[in-house]
Amino acid sequence: MAYLKSRDRRLGEVIDLLGFVKRPVIPDLFSALVNSVVGQQISTKAHQTIWKRMTDTLGSITPESLLSLDEDGLQKFGITFRKAGYIRSIAEKAASGELDIGALSATSDAEVCRTLSSLDGVGVWTAEMLMLHSMQRPDVLSFGDLAILRGMRMLYHHRKITGELFEKYRRRYSPCGSVASIYLWAISAGKVEGMRDYAPKSKPKK
């Protein structure tokens with residue numbers, strides 16, 4: 001927080017206003033990975049309900065506990081057949097050693113992102129969120145996150161965040177991009193009174 005305040009006056013003002021912001025963390029990367037697949041394209045409430053069913057039934061979410069069920073068994077928690085297939089595939093790779101979750105902690109951000117996003121049902125954005133919220137990597141700022149881009153537009157009064165502009169801010173925030181992300185999400189969510197999105201409004205279709 002102190003570093004970002006020294007690097008960016010506007011962001012520093014938001015940090016002073018909002019203070020310390022907490023976000024939930026799932027420290028076990030395998031469990032967090034499965035949780036992220038479960039939550040794709042469904043509401044937060046549905047996600048929480050399904051995850052509680054899974055943890056109540058299976059206890060710990062491990063490759064072994066998931067492989068004790070076939071895809072039909074996984075579907076009974078309320079997830080789609082496709083997601084059940086993704087989860088089984090991830091569990092099989094972890095159980096066989098093809099996916100070495102433990103080894104990722106010693107690899108670079110780029111390698112973690114490459115490994116995770118190569119899995120069925122896991123894209124680059126999901127991999128970046130896992131690095132931030134589970135592995136707690138300190139310098140994650142996602143160009144693929146729409147709320148991050150909206151937060152930047154609101155904070156700096158930009159109409160659009162281009163790749164070049166994003167890189168300028170990423171370099172400014174580094175090596176504390178993850179903390180910057182947390183405050184940009186808060187801005188995007190309307191936590192700072194008086195800030196608005198400067199993106200051009202789309203014209204109504206005739």
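Trainee: What makes α10 a mostly covered helix?

Mentor: Nine of the 11 residues of α10 are buried, where buried means under 20% relative accessible area, exposed over 50% and partly exposed in between, with a 1.4 Å probe and protein chains only. This is a predicted model, in which local features need pLDDT of at least 70 and side-chain atom pairs count only at pLDDT 80 or more, while totals for chains, interfaces and linings use all residues. Residues are numbered from 1 along each chain as its sequence is written, and side-chain values use heavy atoms, with hydrogens and water left out.

Trainee: Which residues of α10 are buried, and what covers them?

Mentor: The buried residues are A147, I148, L149, G151, M152, R153, M154, L155 and Y156. Their cover includes α2 (9-18), α11 and α12.

Trainee: How do you know what counts as a helix, and how many helices and strands does the protein have?

Mentor: Helices are DSSP runs of H or I with at least four residues, strands are runs of E with at least two, and both are numbered from the N terminus. By that rule the secondary structure comes to 12 helices and zero strands. Over the protein as a whole, 43% of the 206 residues count as buried, and the C-alpha trace spans about 55 × 50 × 30 Å along its principal axes.

Trainee: Why are α3 and α7 described as parallel or antiparallel, and which is it?

Mentor: Helix α3 (residues 29-38) and helix α7 (residues 81-96) pack at an angle of about 165 degrees, with their axes 10 Å apart. Angles under 35 degrees count as roughly parallel, over 145 as roughly antiparallel, 65 to 115 as roughly perpendicular and the rest as oblique, so α3 is roughly antiparallel to α7. The axes themselves are lines fitted to C-alpha atoms over the stretch in contact, and the angles run from 0 to 180 degrees between N-to-C directions.

Trainee: Which residues make the contact between α3 and α7, and how do they divide into nonpolar, polar and charged?

Mentor: Contact means heavy atoms within 4.5 Å, and here it is made by F30, L33, V34, V37 and V38 of α3 together with K83, Y86, I87, I90, A91 and A94 of α7. These residues divide into 10 nonpolar, no polar and one charged, since Ala, Val, Leu, Ile, Met, Phe, Trp, Tyr, Cys and Pro count as nonpolar, Asp, Glu, Lys and Arg as charged, and the others, Gly among them, as polar.

Trainee: How do you know whether C176 is bonded to C113 or too far away?

Mentor: A disulfide is a pair of cysteine sulfur atoms within 2.5 Å, whereas the sulfur of C176 is 20 Å from the closest cysteine sulfur, in C113, which is too far for a bond. A search of the whole structure finds zero disulfides. C113 also counts as buried, because its relative accessibility is 12%.

Trainee: Are Q136 and H157 buried, partly exposed or exposed?

Mentor: Q136 has 52% relative accessibility and therefore counts as exposed, whereas H157, with a relative accessible area of 45%, is partly exposed. Q136 is found in the loop between α9 (124-133) and α10 (146-156), and H157 lies in the loop between α10 and α11.

Trainee: What is the phi of Q136, and what is the phi of H157?

Mentor: Although Q136 is not a glycine, it has a positive phi of about 55 degrees. H157, not a glycine either, has a positive phi of about 65 degrees.
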